[in-house]
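I opened this notebook to keep track of what I looked up, one topic per entry.

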Amino acid sequence: LWARGQVSQAEPPSFVAAWVAKLATAAEAAAPAPATPAVAPAAAGASGEGDQAAAAPAPSPPPLDNTAGRDDRVARMAAGLAELDRWLDDRVRTGLADPALARYATWDNLAARLIDAQVGGLANRVRRLAGVVGGHPEWHQQVLAELGTLHLLATAGRRLGTLPPGLADSVAAAIGWQVRQADVLAGVPLTDHWQVMGRSDVREDRIEVRRLWLRGLATGEWAMVLSFAAYGQSLDASLAVGAQVHADVFRYPGALGLRVLMGRHHSPPVPAGQVVGGSIIEACAQVGAAVAAEPWLERYPVCVTAAPARVGARWVLTDQAGSLPLVEGATGMGALLACSEGRPAPVTAEWTPRGLVPLTAHLADRAVDLGPTADPSFLAAGA
C-alpha cells in the first residue's frame, strides 16, 4: 500500500513512539564505550564484577530496515517503464519499416534493460515480438497492437497508486512484480472439486512453462496452476488432464485472479465425470469480459460444445450460433477430428488473440489431451 501511495501521512501512535524510543535506547547502550585502562585478571576476580560483566547479555541490535531496498526497486521499475515508453515513441516515430526492427539485437537489448529494471514480464513480451517481425504478411498489425499493449502497461505501471486494487495487482503482475507464495497461501482458500480441463505447454526463452486449467465442479470458476522448468527438465505432472481432485486453491491477487496455488488435497485425484461445454456465444461473452478486465490478456480458457470445420484455409470450432477460428498450425487437429467424428463435442481450448488453441477433447469415457507433448495413453473413466 505504501509503495502505491495509498498510505497517508499521520502521527505515529503512542505505542509506536515508545517502541522507537526503546530501540534508540538499546542502540545507545550497544555503542562502544570509551577506552579504559585494562583491569588485571586477579583484581577483577577479587571483586567479582568482571564475572558479572561477562555474563551480562548484550543488548539486541535494532531490526534491519528493508524500506530502502523497496524504494530502490520501485524507483528502478519506474525508470525502466519510462525508458520503455520513450523507446516506443521512437519506434512509432520512425515507423515499422525501420530496418532496425528486423535485427534481433534491437529487441534483445531493450529486453535486457527491462530485466535490469526488474520489469521482466515486459521483457518477455518484447523478446517474443522479435520473432513476429517479418514472420507473416500481417506482422505489421500484430506488432503495432503489441506496441500499444506495451505502452498501456508502461503507463499503468507508473500509476499503480491511482488504480483500483484488483487492477493494480494485475498490472503489477504483468510488468513482473512477484508475489510471495507465503502471502498467497495466507489468503482464504476456495474449496471445490476441481476438474483438470486442459494443459498448455509453451517455451519462453529457455524456460518451459506449463499451464494447467482447472474448473470448479460446484462454482464453475476457472483456475490456472503455473509451473516452470529449465529446458530439458521435467515439468510438474502431479495432475493429469481428465482428472478431478477435491482440494483447496489459493488465488493470486488480480482483476481476474486466474492463477492459483494448490493447497490441501482432501482426497486423491480420480477420473472426472462427463464434461459439459457451453456455446460459442457464451465463450465469446466470457472472453470479452476477461479482456475488458485485463486488456493485455494473452490466454483465457473456454470449454465449448462445437464441431471442427473448415472455412476456406482455416479451421474453426462451430455450433448453430457461430464459430471461433483456431490458431494457424494448431496441433492435435487429427486427434480432434478423430474424437469428434466431425460432430459437436465438448472441447477445452485456450483463447489467444491469434485464435483458439485446442487443448482437450472430452469424450463420454475419457479425456483426450491434444497437447503437442501429450502421452498417447488416454485417461479412461474406468481406469
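Entry 1, strands. I note at the outset that this is a predicted model. I began with a single residue of strand β1, Q195, and found that its bridge partner in β4 is Q244. Widening the view, I saw that β1 (residues 190–204) runs antiparallel to β4 (residues 243–251), and that 6 bridges join the two strands. On β1 I then looked up the pairing with strand β2 (residues 207–216), which is also antiparallel and holds 10 bridges. One of the residues I checked there was E204, whose bridge partner in β2 is I207. The hairpin of β1 and β2 leaves 2 residues between the strands, and in that hairpin I noted a positive phi near 60° for D205.

Entry 2, a helix and what follows it. In helix α8 (residues 165–175) I listed the buried residues as A168, D169, S170, V171, A172, A174 and I175. After α8 comes G176, for which I wrote down a positive phi near 120°.

Entry 3, helix packing. Which angle and which axis distance describe the packing of α5 and α6? For helix α5 (residues 104–116) and helix α6 (residues 120–130) I recorded an angle of about 175°, with the axes 8 Å apart. Because the angle is over 145 degrees, I entered α5 as roughly antiparallel to α6. On the α5 side, the contact is made by Y104, W107, D108, L110, A111, A112, L114 and I115, and on the α6 side by G120, L122, A123, V126, R127, L129 and A130. Sorting this contact of α5 with α6 by class, I have 12 nonpolar residues, 1 polar residue and 2 charged residues.

Entry 4, aromatic rings. My search for aromatic pairs returned 1 pair in the structure. The ring centres of W87 and W107 are 5.4 Å apart and the planes stand at 65°, so I logged the pair as edge-to-face. Since W87 belongs to helix α4 (residues 67–94) and W107 to helix α5, the pair ties together parts that are 20 residues apart in sequence. I also looked up how accessible the two residues are: W87 has a relative accessible area of 10% and is buried, and W107, at 1%, is buried as well.

Entry 5, an arginine of α4. Staying with helix α4, I turned to R91, and asked whether R91 counts as buried or exposed. At 11% relative accessibility R91 counts as buried, because the limit for that word is under 20%. Once neighbours within four places in sequence are left aside, R91 is in contact with D98 and L101.

Entry 6, backbone angles. I reminded myself that most residues other than glycine have a negative phi, and then looked up residues that depart from this. Q118, which is not a glycine, has a positive phi near 65°; I located Q118 in the loop between α5 and α6, where its relative accessibility of 29% makes it partly exposed. E341, likewise not a glycine, has a positive phi of about 55°. I placed E341 in the loop between α11 (333–340) and β10 (345–352), and with a relative accessible area of 53% E341 is exposed, given that exposed means over 50%.

Conventions. Residues numbered from 1 in each chain as written. Predicted model: local features only at pLDDT ≥ 70, side-chain atom pairs only at ≥ 80, totals over all residues. Heavy atoms only, no water. Pairing = 2+ DSSP bridges. Helix = DSSP H or I, 4+ residues; strand = E, 2+ residues; numbered from the N terminus. Buried < 20%, exposed > 50% of the residue type's maximum accessible area, 1.4 Å probe, protein only. Axes fitted to C-alpha atoms, helices over the stretch in contact; angles between N-to-C directions. Parallel < 35°, antiparallel > 145°, perpendicular 65-115°, else oblique. Contact = heavy atoms within 4.5 Å. Nonpolar A, V, L, I, M, F, W, Y, C, P; charged D, E, K, R; others polar. Phe/Tyr/Trp six-rings, centres within 6.5 Å; stacked < 30°, edge-to-face > 60°.
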